[in-house]
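This report follows one sheet, the helices that lie against it and a single residue in one of its strands. Please keep the sequence and the structure in view while reading.

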Amino acid sequence: MSMSQTVAQHVPYLRRYARALTGNQASGDSYVAATLEALVKEPGLLDMAEQPRVALFRLFTRIWNSVEVNSTADRVVNLVPAERHLGQITAMPRQAFLLVSVEAFSEEDAATILDVDRHTLQDLVEESGRELAAQIATDILIIEDEALIALDLENLVENLGHRTIGIARTRSEAIALSKTKRPGLILADIQLADGSSGLEAVNDLLTSFEVPVIFITAFPERFLTGERPEPAFLISKPYQQSTVSALVSQALFFERNAVQRKKRAAG
């Protein structure tokens, strides 16, 4: 496959990323065009020793961070209400959030794209989580029977700016806690202390209200074979704190977007 063919298959994803970064398709396309023009003039700018998609995004990032094509290098414009939260994240954390949470790059690849080390990338993702939480902070229910893990998760989400309504060790405790205050997000293990199922607990809760769910489990196969709620995300134990941080922000961000879309469709 020629270099032009290789690049062409990744351009739609680069346009999506650029649009989310700038908040405007025309503005995003200006940066994509500048990237492609630079590549036509100097094909050597694309390091083919890297994965082609990583190399293309890395070249785009160099241009985004150094050349102001349309005077909106650090400003997202014309966003629908739910997406304005993203526009209020500063430039580097916003890029880290989008690369990891939207474009699904690994931490290693995202760090390469941004030309930072992995630790810096994790810091940027956590910063994006805090900045998003400042706009869309919510109450979180943790369903986890291992005390140390539960406390770690509680500290993590509260450091991001969210609130914990409680920690449930069993299915019945989860149902009781949700009756006192409805959560905006659930973090749940699948296998609980009394032999009950976090998956069943969540399905019980979702008969009364809709909320995004993140399952954090050592038994991912039970999630894949059980009756899964939607929207739901999966993290395998042992987990990285930066992974949980990114996924919490992703789940809440896209939940807000989905709510806004439903409101617009109903109107």
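In what order do the five strands of the open sheet run, and is their pairing parallel or antiparallel? In this predicted model, the strands of the open sheet follow the order 2-1-3-4-5, and their pairing is parallel. Strand 2 (163-168) and strand 5 (232-236) form the edges, each of them pairing on one side only, and from one strand to the next the twist averages 20 degrees.

Within this sheet, strand 1 (residues 139-143) is joined to strand 3 (residues 185-188) by four bridges in the parallel sense, and I143 has A188 of strand 3 as its bridge partner.

Two helices can be described by their placement and direction relative to the strands, as the table sets out.

| Helix | Strands concerned | Angle |
|---|---|---|
| Helix 10 (residues 171-180) | lies across strand 1 and strand 2 | about 150 degrees to strand 2 |
| Helix 11 (residues 198-205) | touches strand 1, strand 3 and strand 4 (213-217) | about 170 degrees with strand 4 |

Helix 11 thus packs on the sheet, and strand 4 is one of the strands that it touches.

Strand 4 also holds T217, which leads to a question of environment: is T217 buried or exposed? Because its relative accessibility is 0%, and the cut-off for a buried residue is under 20%, T217 counts as buried. Leaving aside residues up to four places away in sequence, T217 touches D189 and I190, and also L234, I235, S236 and K237.

Terms used:
Residues are numbered from 1 along each chain as its sequence is written. This is a predicted model: local features need pLDDT of at least 70, side-chain atom pairs count only at pLDDT 80 or more; totals for chains, interfaces and linings use all residues. Side-chain values use heavy atoms; hydrogens and water are left out. Two strands pair if DSSP finds at least two bridges between them. Helices (H or I, at least four residues) and strands (E, at least two) are DSSP runs, numbered from the N terminus. Axes are lines fitted to C-alpha atoms, for helices over the stretch in contact, and angles run from 0 to 180 degrees between N-to-C directions. Contact means heavy atoms within 4.5 Å. Buried means under 20% relative accessible area, exposed over 50%, partly exposed in between (1.4 Å probe, protein chains only).
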